[in-house]
Amino acid sequence: MTRLPVLLLLLLLLLLLPSGASAGDEAVLLTGDVQMQFGDAFLAEGEYYRAVTEYKKYLILFPDGRQADAALFKAGMASYRGMEYETAAETFASVRARFPASPHAAESAYYEGVCYARLNRFDKSAPAFETAATHKPASDSAPRARLGSALVEFDRGDLTGTRQGLNRFLTDFPGDPRTENVRAALSLLPQEDELARKSPVIAGIFSALVPGSGHMYAGHYGDGATAFLLNGLFIAGTVVAIQQENYAVAGVVGVIGLPFYIGNIYGASNAATKWNLGVRKGLRDRLTVTLDYSF
């Protein structure tokens, strides 16, 4: 028998054999839907890295599949939930670039803004939120993006921008159920562009003149009393030693007390800075609660 008929016979036998490793095994046909189910299962279980891998497999195996935009978006969501914000933001940007007409485009822009906001990359979060708010105004992402944009302006220290963002929400989404929350949040914002604040420079000057007074100016009364008593003891000890013409002791006491005096000045400046941060954080927290929104 020649080689060719033998090969044809073997091929015929292979075709007649049951598919799979044995006749009892069930074969799974890998379709786009099945591949997406793999990713969805890992995403639901919190296996975010494996979910990203499965969604990427879909994009490799079915680059023109009907769920390609959803696969890329869900890969971004898996990275986002895994707190890989830089990767997630880049993935969401890819959704908008590759699938601008996708129903996931507006939501991708919103989550891109959230990711960059969490990274304190406000220069990138602001335009992403703006895109989400205007790309598809009828989507739920649009009003959330407007709120996110307002909070980003607050985090940037721009109260005017915060106020403008909240007012734009009222203008763009008058029928949104959160309008009353937004009005209440607007009433929390101070009328001036600056929050009530303490000057670190003034606090330092106060403590240079009277140790501890800068701490008290910044609302740290306990620290102020401690600084006043401690530095008062060193100053009094130095003065008494000089009056007794015991200059060596005066020098030692003065040298030991000098770092405490300088520390009292720097401590007062830091206390004023912390007071300002506390005021801003307190207002930020009240805005978040009032708006019933955070990112």
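**Helix packing and burial in a predicted model**

Tutor: In this predicted model, helix α13 (residues 221-243) packs with α14 at an angle of about 160 degrees, and their axes are 8 Å apart.

Student: What makes α13 and α14 roughly parallel or roughly antiparallel to each other?

Tutor: The angle between the two N-to-C directions decides the matter, and any value over 145 degrees counts as roughly antiparallel. The angle for α13 and α14 is about 160 degrees, and this pair is therefore roughly antiparallel. The crossing of these helices is left-handed.

Student: Which residues of α13 meet α14, and how is the contact composed?

Tutor: From α13 come A227, L230, N231, F234, G237, T238, A241 and I242. They meet residues of α14 including Y247, V253, I256, F260, Y261 and N264. Sorted by kind, the residues of this contact are twelve nonpolar, six polar and no charged. G237 in α13, as well as G254 and G257 in α14, belongs to the contact, and Gly counts as polar in this division.

Student: How do you know whether α6 and α7 are roughly parallel or roughly antiparallel?

Tutor: The reasoning is the one used above. Helix α6 (residues 105-118) and α7 pack at about 160 degrees, with 7 Å between their axes. Since the cut-off is 145 degrees, α6 and α7 are therefore roughly antiparallel. Here, too, the crossing is left-handed.

Student: What kinds of residues make up the contact of α6 with α7?

Tutor: On the α6 side, the residues include A109, Y110, E112, G113 and Y116, and on the α7 side F122, K124, S125, F129 and H135 are among them. The contact divides into eleven nonpolar, four polar and two charged residues.

Student: Why is S125 called buried or exposed?

Tutor: S125 lies in helix α7 (residues 122-135). Its relative accessible area is 0%, and buried means under 20%; S125 is therefore buried. Beyond its neighbours within four places in sequence, S125 is in contact with G113, Y116, A117 and V152.

Student: Why is V152 called buried or exposed, and what does V152 touch?

Tutor: V152 is found in helix α8. With a relative accessible area of 1%, V152 is buried, because the limit is 20%. Apart from residues up to four places away in sequence, V152 touches A117, F122, S125, A126, F129 and F295. One of these, F122, is 30 residues from V152 in sequence, while their C-alpha atoms are 6.5 Å apart.

Student: How do you know on which side of α10 the buried residues T179, V182, A185 and L186 lie?

Tutor: These four are the buried residues in helix α10 (residues 179-188). They cover an arc of only 115 degrees around the axis, which puts them on the same side of α10. An α-helix has 3.6 residues a turn, so residues three or four places apart point the same way.

Student: Which elements do the buried residues of α10 pack against, and which exposed residues are on the face turned away?

Tutor: The buried residues pack against α8 (141-155), α9 (159-172) and α14 (247-291). The face turned away from the buried side carries E180 and S187, both exposed.

Student: What is the secondary structure of the protein, and what percentage of its residues count as buried?

Tutor: The protein has 14 helices and zero strands. Of its 295 residues, 38% count as buried. Among contacts between residues at least 6 apart in sequence, 55% join residues at least 24 apart.

Notes
Residues are numbered from 1 along each chain as its sequence is written. This is a predicted model: local features need pLDDT of at least 70, side-chain atom pairs count only at pLDDT 80 or more; totals for chains, interfaces and linings use all residues. Side-chain values use heavy atoms; hydrogens and water are left out. Buried means under 20% relative accessible area, exposed over 50%, partly exposed in between (1.4 Å probe, protein chains only). Helices (H or I, at least four residues) and strands (E, at least two) are DSSP runs, numbered from the N terminus. The arc is that of the directions from the helix axis to the C-beta atoms. Contact means heavy atoms within 4.5 Å. Axes are lines fitted to C-alpha atoms, for helices over the stretch in contact, and angles run from 0 to 180 degrees between N-to-C directions. Angles under 35 degrees count as roughly parallel, over 145 as roughly antiparallel, 65 to 115 as roughly perpendicular and the rest as oblique. A crossing is left-handed if the near helix is turned anticlockwise from the far one by less than a right angle, and right-handed if clockwise.
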